[in-house]
Amino acid sequence: MGDLITEYTERLQQQELQIQALSGEIESLKNSQNPGSSARLEELMEENSRLKYRFNILNRALQEERTRCGYAMLNISQRLQEIFGLTIRTSYPELENPPLALAPNQQPKFGDYQCNSAMAMAQMLKAKGMKANPREIAERIIRNLPDNELIQKTEIAGPGFINIHLKRAFVSKLLSKLLINGVTPPPLTSRKRVVVDFSSPNIAKEMHVGHLRSTIIGDSMSRLFEFLGHDVLRLNHVGDWGTQFGMLIAHLQDKFPDYLTVSPPISDLQGFYKESKKRFDEDDGFKKRAYQCVVKLQSKEPDFIKAWNLICDVSRQEFQKIYDCLDIKLIERGESYYQDLMTQVVKEAEDRGFVQLDEGRKIIFAPGQSLPLTIVKSDGGYTYDTSDLAAIHQRLFEEKADIIIYVTDSGQSSHFQVVFAAAQMLGWYDPKVTRVEHAGFGVVLGEDKKKFKTRSGDTVRLMDLLGEGLKRSMDKLKEKERDKVLSPDELVKAQRAVAFGCIKYADLSHNRINDYVFSFDKMLDDRGNTAAYLLYAFTRIRSIARLANINEATLRKEAESTEILLDHEKEWKLGKCILRFPEVLQKIQDDLLLHSLCDYVYELATTFTEFYDSCYCVEKDRQTGEVVKVNMWRMLLCDATAAIMAQCFHILGLNPVERM
């Protein structure tokens, strides 16, 4: 499929070049200042008509090629940008990179989309010494618009805003296609290898709320790229190496001397870590032995490797409990994985003359960065800087990543800037070709607007937080008397869906760059932009078909033959909102801000409510309560809404249930 799309893309590009050339000729004919005799003028007019005719044939062929690319959903905004971008370039070939400003219209009565390029183009023409009125520019753009499948009409408003009205029949056709083919991603021009580095807890330390954001955001980003059709590697860069393992192994030897033959019953690894740290800080003899253990571990002596593995396994089991609750899939690749590669990276940097000595340390200064990377400490050991350089090298050269995303707190932003700059300096990647990005996020605050901690001042354990969420969601369900209508199994499913969905959505619905206040009361509220509201809304939409006794197979069959009418303003508004889904995904792929998807799915749910309140889908007999009439095209709109919501939920990591 990828080769086929590439072939189609090349053909489309060739056609667009032909269209552009033909349009340029049309424009030069129209602007001719000395047409000569009337016979010559008639000849030019006839040639002009032929060129326009050819222009439209090529444009229709281009549209047909697009539809052949499969069942992919059409990104309406992107398609309009292509049409207007091409028209602007052919209308004003003298402008290099003319601006293209196109967005959904904020006032639906004036149209569905708006192109606001004319004002900026007037300024560009003025800078070239050419007089241009924005309204005249807009008129020329409209005059040169090719015949196309989706624009019903255009109007000029104010000084040069172009209001665009979509064809209702075309929108109806797209909705039917969605229902027949399912919710599919926009077509890919090329499939990328995407590495997402997220979660990243430290071995022997419990996961806390600081890991919550990285885990939730990273998982959702991975789901987005997977849905779009990319090859995604989800990496858990755990802290599983370093001097702290010396003290842990020394403490293990003392507390469980038979650890080599009997698995040590370490139930509280956090407590075990605190005990060893206390001894390390207070007992010089223990500290000396801990350093000896580090040396033996780094030398890979079997007994010390076994002790290290035992400690790592206990941590992994605890991490997995959290990942299972949140439905997170990850491949662990800790700092230990890169140990041998670190030596190679340091050697490469030295051989190429990038390493400087500084009081026994080996450092690298990258262009434009005021702080260096320390790649070898004065005692000869490696650092986080060395580990991160080795990791990015492995991801670029062994994984052959096209996109690498690091999901960590914003406090590490400057560190990653230096790592990325050093990798570019070493010639490992070109930022114009390979996308390497730090997706930073703010901290989690308590309701007092201070860093989220327990009453005693300790960091909140993530497992405790999830447990509290389960308790509160069950209380909420019982308060709504759902325990009286749901089976015990359904009640537990609803409890988990609400608890974990609310925790995830509360995080994702805020701009990740900002801090956010963690409040169970707000996230469990079934009013407003919360997972609780959306999950209940989804369940209600799904129940409409059950109320009408219509099963999924019937809806699929009806979608193939029933025209979805969009005559009522609320039908039209809902239909357009449903089809904005690919547009929203494109934005998130570009800026990695997942709250846009939360805003969209909330808008979709509220738009559906407006539609359902104004347009009957199922009519009942007032006396008997029996269904007497079903409006099938509106039932299909219900189904399309639910299908898009379900896909949004999947990307956000929410698990809706049919009954709540």
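Here are some notes on the aromatic contacts in this predicted model, starting with how confident the prediction is.

1. Confidence first. The chain has a mean pLDDT of 89, and 89% of its residues reach 70 or more. Residues 1-6 are a weak spot, with pLDDT below 50. Beyond near neighbours in sequence, that stretch has five contacts in the model. Residues 63-69 also stay under 50, and for them the model has 16 contacts beyond four places in sequence. I'd read both stretches with that in mind.

2. Now the rings. The structure holds 15 aromatic pairs. One of them is Phe227 with Phe581, a tilted pair at 6.0 Å centre to centre and with 55° between the planes. What does this pair link? It joins distant parts of the chain: Phe227 belongs to helix α7 (residues 209-227) and Phe581 to helix α21 (residues 581-591), 354 residues apart. Both Phe227 and Phe581 are buried.

3. Another pair to look at is Tyr533 with Tyr602. These rings are edge-to-face, 5.8 Å centre to centre, with 70° between the planes. This pair also links distant parts of the chain, with Tyr533 in helix α18 (residues 531-547) and Tyr602 in helix α22 (residues 595-614), 69 residues apart. Are the two tyrosines buried or exposed? Tyr533 is buried because its relative accessible area, 13%, is under the 20% cut-off. Tyr602 has 26% relative accessibility, so it counts as partly exposed.

4. Back to Phe227 and Phe581 for a moment. Which residue joins them in one aromatic cluster? That would be Tyr600, which makes up the cluster along with the two phenylalanines.

5. Helix α21 deserves a closer look in the viewer. Its buried residues are Phe581, Pro582, Glu583, Val584, Leu585, Ile588 and Gln589. Note that Glu583 and Gln589 are on that buried list, next to residues such as Val584 and Leu585. Just past the end of α21, Leu592 takes a positive phi of about 60°.

6. Finally, charges over rings. The charged end of Arg140 sits over the ring of Tyr92, at 4.4 Å from the ring centre. Lys480 does likewise with Tyr536: its charged end is over the ring, 4.8 Å from the centre. Tyr536 falls within the residue range of α18 (residues 531-547), the helix that also holds Tyr533.

Terms used
Residues numbered from 1 in each chain as written. Predicted model: local features only at pLDDT ≥ 70, side-chain atom pairs only at ≥ 80, totals over all residues. Heavy atoms only, no water. pLDDT = per-residue confidence, 0-100. Contact = heavy atoms within 4.5 Å. Phe/Tyr/Trp six-rings, centres within 6.5 Å; stacked < 30°, edge-to-face > 60°. Helix = DSSP H or I, 4+ residues; strand = E, 2+ residues; numbered from the N terminus. Buried < 20%, exposed > 50% of the residue type's maximum accessible area, 1.4 Å probe, protein only. Lys NZ or Arg CZ within 6 Å of the ring centre and 35° of its normal.
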